[in-house]
Amino acid sequence: MRFSGRSARHPVTIGNDVWIGHGAIVLHGVSIASGSVVAAGAVVTKDVAPMAIVGGSPARLIRFRNFGAAS
């Protein structure tokens, strides 16, 4: 199998302070920026922006994390 024609490797890049939920799938070549959250069971097919919360199949932006707002 390892000689079956896969030519290039596409590494996954995960930034600092990233949370990845149980059962999430991150495809090859995807970058998950710092501070992002990937929901459980999500299928990440594209790069994730910094401080983003993504979920679904395929993963879509739900919202951005906001630390400056008062509750």
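In which segment does Arg-65 lie? Select Arg-65 and you will find that residue in the segment after β8 (60-64), where strands are DSSP runs of E at least two residues long, numbered from the N terminus.

The model on screen is predicted, so that local features need pLDDT of at least 70 and side-chain atom pairs count only at pLDDT 80 or more, while totals for chains, interfaces and linings use all residues. Residues are numbered from 1 along each chain as its sequence is written, and side-chain values use heavy atoms, with hydrogens and water left out.

Staying with Arg-65, add Trp-19 to the selection: Arg-65 lies over the face of Trp-19, at 5.7 Å from the ring centre (for Arg, CZ within 6 Å of that centre and within 35 degrees of the ring normal). Next, show Gly-35, whose backbone oxygen is reached by the side chain of Arg-65 at 2.6 Å.

Then select Asp-17, the nearest side chain of opposite charge, which is 4.1 Å away from Arg-65. Arg-65 is buried and has no salt bridge; buried means under 20% relative accessible area with a 1.4 Å probe, protein chains only, and a salt bridge needs a side-chain nitrogen of Lys or Arg within 4 Å of a carboxyl oxygen of Asp or Glu. Beyond four places in sequence, the contacts of Arg-65 (heavy atoms within 4.5 Å) include Ser-36, Val-37, Met-51 and Ile-53.

Move now to His-10, in the segment before β1 (13-14). His-10 counts as partly exposed because its relative accessibility is 45%, and partly exposed covers values from 20% to 50%. Finally, select Gly-29, which is 19 residues from His-10 in sequence yet 4.5 Å away in space, C-alpha to C-alpha.

Conventions. Helices (H or I, at least four residues) and strands (E, at least two) are DSSP runs, numbered from the N terminus. Lys and Arg count as positive and Asp and Glu as negative; His and the chain ends are not counted. A polar contact is a pair of N or O atoms within 3.5 Å; within protein, one must be able to donate a hydrogen and the other to accept it, and residues adjacent in sequence count only if both atoms are side-chain atoms.
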